[in-house]
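Thanks for coming. I will go through one structure today, starting with a patch on its surface and ending with charged pairs.

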Amino acid sequence: MSRFTKIALIGLILFPFAFLLMLSVGRQWPYPAVFPEQWALSNWQLVLGGSEGLGNSVLLSVLLSLSVATLSTGLSFWVSRHIAYHPKREAWLSLAYFPYVFAPVILAACLQFFFIVAGLYGTFGGVLLAQLFITFPYGVIFFSSFWNERLRSMEELVKTLGGSTLQAYAKVLVPVAKGALMTCFFQLFLISWFEYGLTNLIGVGKVPTLTLRVFQYVNEANIFLAALASCLLILPPVALLWLNRAVVFRERIVP
Amino acid sequence: MQQRWAAYGGRSLFVLLSAVPIVAGVSYALLYSLGLTGVMAEGFTLVHWQEILGDAAFWRTLGFSLYVAAVSIGVALGLSLALVLRSPQAYTKGMLSFFIYLPLSIPAIVMAFFIFQLLGKGGWLSRVSHQLGLISALEQFPDWVNDNYGIGIIVAHVIMATPFFTIFFANLYQNERLGEYLHLAATLGANGRQRIFRVAVPVLLRRGLATVFLYFMFVMGSYEIPLLVGSQSVQMVSVRTIQRLQRYNLGDIPEAYAISVAYTVLVAVLLGGLLWYNRKQMGRA
Amino acid sequence: MTRLTFFSLLLALLLSACEDSRAPEAAQENLSQMSWPEIEAEAKGATLTHMMWTGDPLINDYMQNYVKPEVKERYGIELNIVSGQGATIVQTMMAELQAGKTESEVDMMWINGETFYQLRQIKGLHGPWTEQLPNAQYIDLDNPFIGVDFQQPVGGYECPWGNVQMAIIYDTLRTPHPPKDRKELLAYVKEHPGTFTIDTRFTGLTFLKALLIDIAGGQEALAGDFDEAKYEQYAPQLWAYLRELKPYMWKEGQSFPEGVAPMHQMFANGELHFTMSNNDCEVDNKVLQGVFPESARGYVWEPGTIQNSHYLGIAKHSGNKAAAMVVANFMISPEAQYRKMDPAIWGDGTVLSLDKLPDDWAAKFRNLPNRQYAPDREAIQDRALMELAPEYMIRLAEDFRKEIIEG
């Protein structure tokens, strides 16, 4: 790929981010002006200054999404291995699609009823579990194509040499899967981070993640505020990506 | 012994976390649609089912959802395969391997807002066209959002799906050692076209089928994007369901559940067809 | 290791489940016999969950940075504001009732007529309770726009909180003479096709209701309970009018904006010549925020527009009813209402009667900084129409879809 194409592609990728950032500091944008006529930080001040505990929400969101992503990635990695080596692999795997054959909004409405009955309603644990329902099967599908005969024989080798299952994971499977694990983790982190419907219905607003706090602003008539809320939603995952790039992106990633 | 218990444990957990909630959910929805549960339920009735099955708009909704998903995924697959096959290494090494991940961090609701501000008649592209003298008034800008062909919805999904599939295929390319195969095919006398369409594309698509199908279902069930940039005359299924579920008439709620069950059946049939096809292909191979 | 994590997770879930099953306090049942100081004492130290729409930064600022700290300081009540509009509130209450939950997770909620009707349908509201509030004496309950909600007497089941009238917003530079009635509107859109639309939600339906009242011959024609015969008589005329309008509407009437937010955005960038708001004062907000041009104005056309109130309701199974009453009482205090009415803060009309208020407060209300861009409240009062019975809206929503969108 030529250097020019590369730069053009990167420019294309960065455009939405630049566009949203530009609008978030704008005021008065009559047609056909290409850029807003005035610039102001007033929206940022209004939202950051006016929303008590926004920082706590960020912490809560990070904690929730990290827990969901860690649990789901770990569990689905472990479970998908047992599915992949099962004789009826395809039939098992088809179960993983179940959560996605149901319209998400209705899923939330149905689950709300069951979570109330189970007494998990309005709690951090309840929201965590609800998010596992949508992230875990995704992880299983994600890892389903990872397992193959080559890995299996490597695992066998560890066993023959007297290693335990734990050692097989620690010394062989996890190092080989590192890239895939990180990619999956990031995907699941994002799903959890942006989750609105279930988190709101199951948490009854008592688990006020950042997404819950600013989500409604994205539907605001004030486009500058909507753009600002969009930035607030997007920037933390981008920062995570940036922090992790050394770990994730120097690796060869196996889907 | 311990191994076997671990296997049982793993699969039980799997069933518990993926199948159980959904079976419970679908049963609940089915009961609701038949008037057997809910605060305002009045006993068994098929009225709600008759209502939706006899409604032409409902069938149009299902058809439109399929159409949007098929076109979006089709275009995104075409673009991402073209990108990856042109330069297979570009997305796993170097600068692009970082930047290509960035679009994944844009959620659907933000994408909807972005598309609305970009492609609308008063949007950014319209403004640029005006400055360039291509149009003299915003009315002349084409209908790209809230249109009956779902252009805005499709563009939004393509922008979201293309980077995802690009990462996916670039990794698959490496993992499957596709480069070596293509080299082999070349030595056996395959020309460029044949190498792409007979070897590379089929291998990538077949290996990626599960993920492609999963994404297809995401697009079909999407809500925020069609809500903001779709047309009211032809709705996607989630938009219609929510309208029944949350708008004004509590008597419509069972219909929302009936639509969901019907939608579930449709997707399950598609999934069944896919698995059957997959097994047939595997059998052949 | 993973199994350990799983079991500890399960354990955590079980623990949080147990925490939830506290029995509601028996004292709650006797609230109607308690004196106000007793209620205040009962409320002290409670954590109150208030569910409301949180899509406007000014409103959020008013709630988070004024109401919340004030009730904390004065009454020791921790106010927890959670996000959820009408449909979410109703859905949550329905699910809780269905699941037999004895103590609701939501205590108080911000509702309007449509939600009030639905909550009464499912018997999800506590009441009557509003008469016990000391500040209720100032409420203008004789005003039918406040004491009657969608033709249903509020009967003490919801406390009026704010009062607004629908206004049409236009740009004086672009449209020096905005249409004054439906005939002029038709003429206008024929001249400027694609510049007018209504949204498919509450605001658009409120506009349709005003049209229906106008077609039926004015306020009195449709007053009272839903009348099928009258609906059958007048609705076809409404659809006939809209079909005439349709080819000249935005997107040729094939599509309608989802809510007022996109409508406001398209008004701001010039795609639309009109937008609407259920709050007559919103235009001031939007100009101050730099969203609308300074030449934007709100007006009420000659046949009138709907004026309605929004309210506070208490969940039937709330465990903090006393605290909800105390907070509601604060929210309808002259002080809180005065602040809320300031266009720079929120611009929401008061539900208090200036005649009933002590003189000094009445004077303060009269001297509130004037709205700059919104119509004068006193001047639009004689163009105010009352809300119709809720069934009208349900039918209009359904038939608008069948007759106009899909027709």
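On chain B, seven side chains make a nonpolar surface patch of about 600 Å²: B:Tyr67, B:Val71, B:Val75, B:Leu79, B:Trp144, B:Tyr149 and B:Ile151. Please keep in mind that this is a predicted model. Helix H3 of chain B, residues 56–86, gives the patch its largest share, four residues. Another member, B:Trp144, sits in the loop between helix H6 (124–131) and helix H7 (151–175). Is B:Trp144 buried or exposed? Neither label fits, because its relative accessibility is 31% and that counts as partly exposed. The band for partly exposed runs between 20% and 50%.

Now the chain that carries the patch. Chain B has 13 helices and zero strands, so if you read along the sequence you meet one α after another. The C-alpha atoms of chain B fill a box of roughly 75 × 70 × 30 Å along the principal axes. Of the 285 residues in chain B, 59% are buried. For contacts between residues at least 6 apart in sequence, 68% join residues at least 24 apart. The accessible surface of chain B is about 11800 Å², and carbon and sulfur atoms account for 64% of that surface.

Chain B also carries charges, 19 positive and 11 negative. How far apart are the mean positions of the positive and negative charges? The answer is 19 Å.

That brings me to charged pairs. Side chains of opposite charge can pair when their charged atoms come close. Over all chains, a search of the whole structure finds 25 salt bridges. I will show three of them, and then a network.

The first example is A:Lys206 with C:Glu105, where the closest N and O atoms are 2.7 Å apart. This pair crosses between chains. On one side, A:Lys206 is in the loop between helix H10 (197–203) and helix H11 (210–218) of chain A. On the other side, C:Glu105 is in the loop between helix H4 (86–98) and strand E3 (108–111) of chain C. A:Lys206 is partly exposed, because its relative accessibility is 30%. C:Glu105 has a relative accessible area of 6% and is therefore buried.

The next example stays within chain C. C:Arg395 and C:Glu232 meet in a salt bridge, 3.5 Å from N to O. The pair links distant parts of the chain, 163 residues apart. C:Arg395 belongs to helix H16, residues 390–405, and C:Glu232 to helix H9, residues 228–245. C:Arg395 counts as partly exposed, at 22% relative accessibility. C:Glu232 is partly exposed too, with a relative accessible area of 44%.

Which side chain does C:Glu403 meet in a salt bridge? The partner is C:Arg243, at 3.2 Å from N to O. Again the pair links distant parts of chain C: C:Glu403 is in helix H16, C:Arg243 is in helix H9, and 160 residues separate them. The relative accessible area of C:Glu403 is 31%, which makes this residue partly exposed. C:Arg243 is partly exposed at 43% relative accessibility.

Last, the network. Salt bridges that share partners join B:Asp55, B:Arg240, C:Arg401 and C:Glu406 into one network. In the viewer, you can find its members on chains B and C. That is all I have.

Key:
Residues are numbered from 1 along each chain as its sequence is written. Chains are lettered from A and ligands numbered from 1 in the order in which they are written. This is a predicted model: local features need pLDDT of at least 70, side-chain atom pairs count only at pLDDT 80 or more; totals for chains, interfaces and linings use all residues. Side-chain values use heavy atoms; hydrogens and water are left out. Helices (H or I, at least four residues) and strands (E, at least two) are DSSP runs, numbered from the N terminus. Buried means under 20% relative accessible area, exposed over 50%, partly exposed in between (1.4 Å probe, protein chains only). Contact means heavy atoms within 4.5 Å. Accessible areas come from the Shrake-Rupley method with a 1.4 Å probe; for residues, only the protein chains shown count as cover. Lys and Arg count as positive and Asp and Glu as negative; His and the chain ends are not counted. The place of a charge is taken as NZ of Lys, CZ of Arg, CG of Asp or CD of Glu. Patches are made of residues with over 30% relative accessible area and no salt bridge: like charges are joined within 9 Å, nonpolar side chains (Val, Leu, Ile, Met, Phe, Trp, Tyr) within 5 Å. A salt bridge is a side-chain nitrogen of Lys or Arg within 4 Å of a carboxyl oxygen of Asp or Glu.
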